Amino acid sequence: MTAQEVNFDGLVGPTHNYAGLSFGNVASAKHKALTSSPQKAALQGLEKMRALYELGIPQAVLPPQERPHIPTLKKLGLTGTDQQIWEAAWKKMPEQAAACCSASSMWVANAATISPAADCSDGKTHITPANLVSMPHRNMEAPVTTKVLSTIFSNPELFVVHPALENSSEMGDEGAANHTRFCGEYGDSGVELFIYGVDQNNPALGPQRYPARQTLQASQTIAEHHQLGNRAIFAQQNPAVIDAGVFHNDVIAVGNLNLLFFHEKAFQQTDEMLKQLQSGLAETELLSISVPEQQVSVSDAVSSYLFNSQLVNTEHGQVLIAPTESEQTDSVREYLDELIINNAGISKVHYFDLRESMRNGGGPACLRLRVVLTEAELDSLGANVLYTPALHQQLESWVVKHYRESLAPADLADPDLINETRSALDELCQILSLGNPYEFQQ
Ligand code: SUG
């Protein structure tokens, strides 16, 4: 089968802000209460899409969600008009109000786990939206994510969109951020690596300080639903790196095709895992680049987001799409300069300014969801989400028209945000032919 990998990037939403909601995510805590720029954030994201498209990487977009999310506050018992509910929420339950305002759906690496048709025994592409159960502000993303993915991947002959796993701590699932697929060519069948933070049957072996967001039980259930059989490999993340701020595996490792680029401390049993990957890949040789602690410490990896880079395949080989914070961290820049000179599998690094998202702990790889698609699957998409320069122009004008240039913590309580977001999303649904996925449209 011939197929390509399409990067679906999340559009940053109009309420992008720094509420410090994610315990265990160092950047989220560090930048709490700063003033954000939703407009700049969305434009930075669009620039990354443009650059990847120009590198020849197929690109698509996923929409943001309705925030403030009034339905959640109604479930908590608040009544009145939407504006009254919003004002009351900030007085009575400010933590829930902040959660209802988060633009966290932009980090679409957490939207779902996707197994390409070539890996699944029924020959269909399987998609499981993530329940994101460990963080309340993220858990509320799942229902609309499911609707949007069901609209885009609507052809039942080609795609299966499963419901998110049940909302229980046993089944904590954070989507593609803890899942990496290896293969020869994208259309070949491959091997899928699921990295978990904790085995719920053995919680003492998990992290002690910060939460493990992905459970082995969730990863195993997804592999089963996706009919992966022995194409699924499970490995534990090193609990010490979770406790050092690595809240998702994509903060400490990234893979593409037959290449795995990772920090030497990323996993619990690295050699065994590499052996299993190689055996799953059969005659395709696995290339692994392990970055030693001596050259780049875990702490520098976390602050620079080196491993939250995207690895993409270009005519010049695999290139790394890294955040500018990596260039500004001496150990990381020196490591990468040497890596490129040695031509050990990565031929070039492109640095991108994604500072607005980075301050929330969301780098280049967090902002994208990878979907391997054949020509027939691409033709079947149920919405106008494929990136083109014309779509870029439309989205850029849409952002400039609807997004605020700045959002200070006190602005989040402004009831005008409700209608601002809704009119922006109504217009976006027209641009992307998405139907009416949001509750306010029902
Ligand atoms: O879930 N940050 C997100 C960042 C997600 C990054 N995604 C990947 N690594 N794939 C999170 O922790 C911060 C929100 C705030 O602080 O207001 C936040 O949700």
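User: What makes strand 6 and strand 7 a pair?

Analyst: In this predicted model, strand 6 and strand 7 (residues 191–196) are joined by four bridges in the antiparallel sense. Pairing requires at least two bridges, so the two strands count as paired. One of the contacts in register links F182 to V191, its bridge partner in strand 7.

User: Why are strand 6 and strand 8 called edge strands?

Analyst: The open sheet to which they belong has three strands in the order 6-7-8, with mixed pairing. Strand 6 (179–182) and strand 8 (232–236) each pair on one side only, and they are its edge strands. From one strand to the next, the twist averages 25°.

User: How do you know that helix 10 packs on the sheet, and what is its direction relative to strand 7?

Analyst: Helix 10 (residues 270–281) touches strand 6, strand 7 and strand 8, and a touch here stands for heavy atoms within 4.5 Å. The direction of helix 10 makes about 160° with that of strand 7. Since angles run from 0 to 180 degrees between N-to-C directions, this value lies towards the upper end of the scale, and therefore the two run in roughly opposite directions.

User: Which other sheet does helix 10 lie across, and what makes strand 10 and strand 11 a pair?

Analyst: Another open sheet of three strands has the order 9-10-11, again with mixed pairing, and its edge strands are strand 9 and strand 11 (287–291), each of which pairs on one side only. Neighbouring strands of this sheet are turned by 10° against each other on average, direction ignored. Strand 10 (residues 259–263) and strand 11 are linked in the parallel sense over five bridges, and at least two are needed, so they qualify as a pair. Within this arrangement, L259 stands opposite L287 in strand 11. Helix 10 lies across strand 10 and strand 11 at about 170° to strand 10, while helix 13 (residues 330–342) also lies across strand 10 and strand 11, running at about 150° to strand 11.

User: Why does the radius of gyration of the protein chain agree with that of a compact globule?

Analyst: For 442 residues, a compact globule would have a radius of gyration near 22 Å, and the protein chain has 20 Å, which agrees. Along its principal axes, the C-alpha trace spans about 60 × 45 × 45 Å, and the chain holds 17 helices and 15 strands.

User: What makes the space beside H179 and R370 a cavity, and which elements give two or more residues to its lining?

Analyst: A cavity is a set of points where a 1.4 Å probe fits but cannot get out. The search of the whole structure finds six cavities of 30 Å³ or more, and the largest holds about 310 Å³ of space. Among the 24 residues lining the largest cavity, those closest to its centre are A176, H179, T180, R181 and R370. Strand 6, strand 9 (253–256) and strand 15 (368–374) each give two or more residues to this lining, and strand 15 gives the most, with five. The lining divides into 14 nonpolar, five polar and five charged residues.

User: How is the lining of the second largest cavity divided by class?

Analyst: The second largest cavity has a volume of about 200 Å³ and is lined by 24 residues, of which S22, S104, W107, H137 and N360 are the closest to its centre. Its lining comprises eight nonpolar, 14 polar and two charged residues.

User: Why is the space beside L21 and E95 called a pocket, and where does the largest share of its lining come from?

Analyst: A pocket, unlike a cavity, is an open set of points, so the term marks a space that is not closed off. The largest pocket has a volume of about 400 Å³, and of its 22 lining residues L21, E95, Q96, A98 and A99 are the closest to the centre. Helix 5 (94–99) and helix 6 (136–139) each supply at least two residues of this lining, with the largest share, five residues, coming from helix 5. The lining has 15 nonpolar, five polar and two charged residues.

User: Which residues lie nearest the centre of the second largest pocket?

Analyst: The second largest pocket, of about 330 Å³, is lined by 17 residues, with A27, K30, H31, S303 and E325 nearest its centre. Helix 1 (26–30), helix 11 (298–304) and helix 14 (355–358) are the elements giving two or more residues to this lining, which divides into seven nonpolar, six polar and four charged residues.

How values were computed: Residues are numbered from 1 along each chain as its sequence is written. This is a predicted model: local features need pLDDT of at least 70, side-chain atom pairs count only at pLDDT 80 or more; totals for chains, interfaces and linings use all residues. Side-chain values use heavy atoms; hydrogens and water are left out. On a 1 Å grid over the protein atoms alone, a cavity is a set of points where a 1.4 Å probe fits but cannot get out, and a pocket is an open set with protein on both sides within 12 Å along at least five of seven lines; lining residues have an atom within 4 Å of a point. Grid points are joined across faces, edges and corners, and a volume is the space filled by probe spheres set on the points. Ala, Val, Leu, Ile, Met, Phe, Trp, Tyr, Cys and Pro count as nonpolar, Asp, Glu, Lys and Arg as charged, and the others, Gly among them, as polar. The radius of gyration is taken over C-alpha atoms; the globule rule is 2.2 Å times the number of residues to the power 0.38.
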